[in-house]
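I opened the model today to look up a few local features and some helix packing. My notes follow in the order in which I took them.

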Amino acid sequence: MNTVQVDRRPAGRIAVGHAPGASFPDPCSTAGTLCLKVMETPNAPNPEAAAPPGAPADVNRRLGGLLEQIARGDQTAFAEFYELTSRRVFGMARRVLIDVELSEDTTQEVFLQVWQNASKFNPDAGSPLAWLMTISHRRAVDKVRSSQSSTDREAKYGASSQDIDHDSVSDEVGSRLEAEAVVRCLETLTDTQQESVRLAYYGGLTYREVAEKLNAAVPTIKSRIRDGLIRLKTCLGVS
Amino acid sequence: MTDMNAQNNSRVPGGFATDIATDLASGRAADLAEVYALNAVDDAERAAIEAYLASAPAAEHAAFDDRVRQARETLATSFTAEEEPPAGLLDRIMASLPARDLAAAPGVHPGQEPAAVPPVVARPVREPSGLSVTDDLGAARKRRDERRRPQGMRNWLVGVAAAAIIALGGVGVGAYVANQNDPLNQVLQAGDVKQATVNVAGGGTATVSLSTSRDAIVVKMNDVPAPPPGKVYQMWLIPKDGSAPVSQGLMDAEALSKPAVVKGVSTAAALGITVEPTGGSASPTTPAVAEAPLGA
């Protein structure tokens, strides 16, 4: 059982499963913008990868409890929810939007939405983290599409990815075990599947824009996204 | 269920068209779930998919929703970029939280430990307007409130704690095998049955299955603790016309485990559940522990 510690000061971090600040080797430090690989990992299906990661369930249980409190107007619970998840929300916004101020605005909007819609969270429809990241991604994508042309997004996406490409490892929400499973599972995707999914997720591109960027047929990109996500889901044991 | 052989066995694998409209027209809606979950469609396409689903068979809609849910879990697990947000952002957000909930939550203040058993928080009868931080959030909230709070509930349902109305979705008809004459199963097996699960203050949830054609609901309590000694749960229908709640029966510790059928729901705006003295009350004497809008 992991202990969740909360430090409410601005620099506070949440430690889940291992010490905050413990760093993992960054497999992508020298690779290209779409790097997702860990070298020592074979790409054969790995039985361990199918095991559901342990720590996120604990985190999600905590987040679910906090959402119930937030729904009743509990600001303390809201602050803890923020401390547990704000790095994820802001990190994703930065990937999609690049611009710091836009990312901050988006993060603020997301957490306001959490405050206002906590009572609408339905545990049967998904985990708290998936709920939060769904809200976050939609907000970020809406904002990037309304503020930047797709050409700008592609250019900025390419330029920025190397700087902050360490998302194969999570040291706030999640655990090393989970991070390793994710890396292994991403490895089971073809390069083109990975590329298409990432361009859509972090680039904020539509399937049509992904097709244009990769100079591929539109139906092909839809298939890559579908097949890539299904393969990833299966490998991670998401049910 | 969603495995690739099953989804492709009646058509060419991967046979997407160039546009969403053609995909939908050729029965490929469920195959768009991942693209949809990834927000890799534009606004018009998203609207087209949602419009299609709104009139699609329940099973197709459910299959789509299930794949979207799985895709979202997968994305949240796999794409985990983190970055420290600017210092002070939490304070700015806290300062901008709409004031309604502050007023509505006496006894809960920042920095204070939440009570072990959170107090039942009264909801304001009407929210103050003009306090929203952003227009779209405010507008969305207003629309939601208008949708969710029919007249007549406002003055009574002030004690609902965390009444989470959950997305109403089609329920697989084949899930229930039973006697056709049983009123319970008549509701659960109705072609138009919809289901929602709401939280019950004090623990557990209540699942409400609504069939408009049967003019009835089935209420099933899940993991709800037995009422305190000398108390029972009492169910009420709150009429749409704003008149007083009408008792629909009692649930003691034993009845709690069994589903209950409540008929004549077409004139009701919501179902409410309160804790009352054994024998029940003529009208609610305590705040509701659960509420389920019956937006028929």
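**B:P293.** I started with the accessibility of B:P293, bearing in mind that this is a predicted model. Is B:P293 buried or exposed? Its relative accessibility is 16%, and the cut-off for buried is under 20%, so I entered B:P293 as buried. I placed B:P293 in strand β9 of chain B, which covers residues 290-293. I then checked a residue from another part of the sequence: B:V208 is 85 residues away along the chain, and its C-alpha atom lies 9.7 Å from that of B:P293.

**Chain totals.** I looked up the secondary structure of both chains. Chain A has 10 helices and 0 strands, and I read its order from the N terminus as α-α-α-α-α-α-α-α-α-α. For chain B I noted 9 helices and 9 strands.

I also took down the burial figures. In chain A, 62% of the 239 residues are buried. In chain B, 47% of the 296 residues count as buried.

Next I looked at contacts between residues with a sequence separation of 6 or more. In chain A, 70% of these contacts are between residues 24 or more positions apart. For chain B I found that 59% of such contacts join residues at least 24 apart.

**A:R226.** I went to helix α10 of chain A, where A:R226 lies. I wrote A:R226 down as buried, because its relative accessible area is 1%. A:Q193 is 33 residues from A:R226 in sequence, and I noted a C-alpha to C-alpha distance of 8.8 Å between them.

**α8(A) against α10(A).** How do helix α8 and helix α10 of chain A pack? I found an angle of about 95° and axes 8 Å apart, for α8 at residues 191-201 and α10 at residues 218-236. That angle makes α8(A) roughly perpendicular to α10(A).

I listed the residues that meet here. From α8(A) they are A:T192, A:Q193, A:S196, A:V197 and A:A200. From α10(A) they are A:I221, A:R224, A:I225, A:D227, A:G228, A:L229 and A:R231. I sorted the residues of this contact into 5 nonpolar, 4 polar and 3 charged.

**α10(A) against α5(B).** I then followed α10(A) to its contact with chain B. α10(A) packs on α5(B) at an angle of about 75°, with the axes 9 Å apart. I therefore recorded α10(A) as roughly perpendicular to α5(B).

On the α10(A) side I noted A:R226, A:L229, A:I230, A:L232, A:K233 and A:L236. On the α5(B) side they meet B:R67, B:Q70, B:A71, B:T74, B:L75, B:T77 and B:S78. The residues of this contact divide into 6 nonpolar, 4 polar and 3 charged. I noted that A:L229 is listed in this contact and also in the contact with α8(A).

**Aromatic rings.** How many aromatic pairs does the structure hold? I counted 9 over all chains. I looked at one of them, B:Y36 with B:F64: the ring centres are 5.2 Å apart and the planes are at 65°, so I entered the pair as edge-to-face. B:Y36 lies in helix α3 of chain B (residues 33-37) and B:F64 in helix α5 of chain B (residues 58-78), so the pair ties together parts that are 28 residues apart in sequence. I found both B:Y36 and B:F64 buried.

In chain A, I noted a cluster in which ring pairs link A:F78, A:F81, A:Y82, A:F111 and A:W115. I also looked at A:R95, which lies over the face of A:Y202 at 4.4 Å from the ring centre.

**Positive phi.** I ended with two backbone angles. Most residues other than glycine have a negative phi, which is why I checked positive values. The phi of A:I98 is near 65°, and I located A:I98 in the loop between α3 (75-97) and α4 (100-117) of chain A.

B:D223 has a phi near 55°, also a positive value in a residue other than glycine. I located B:D223 in the loop between β4 (216-222) and β5 (231-239) of chain B. B:D223 has a relative accessible area of 73%, so I entered B:D223 as exposed.

Conventions: Residues numbered from 1 in each chain as written. Chains lettered and ligands numbered in written order. Predicted model: local features only at pLDDT ≥ 70, side-chain atom pairs only at ≥ 80, totals over all residues. Heavy atoms only, no water. Phe/Tyr/Trp six-rings, centres within 6.5 Å; stacked < 30°, edge-to-face > 60°. Helix = DSSP H or I, 4+ residues; strand = E, 2+ residues; numbered from the N terminus. Buried < 20%, exposed > 50% of the residue type's maximum accessible area, 1.4 Å probe, protein only. Lys NZ or Arg CZ within 6 Å of the ring centre and 35° of its normal. Axes fitted to C-alpha atoms, helices over the stretch in contact; angles between N-to-C directions. Parallel < 35°, antiparallel > 145°, perpendicular 65-115°, else oblique. Contact = heavy atoms within 4.5 Å. Nonpolar A, V, L, I, M, F, W, Y, C, P; charged D, E, K, R; others polar.
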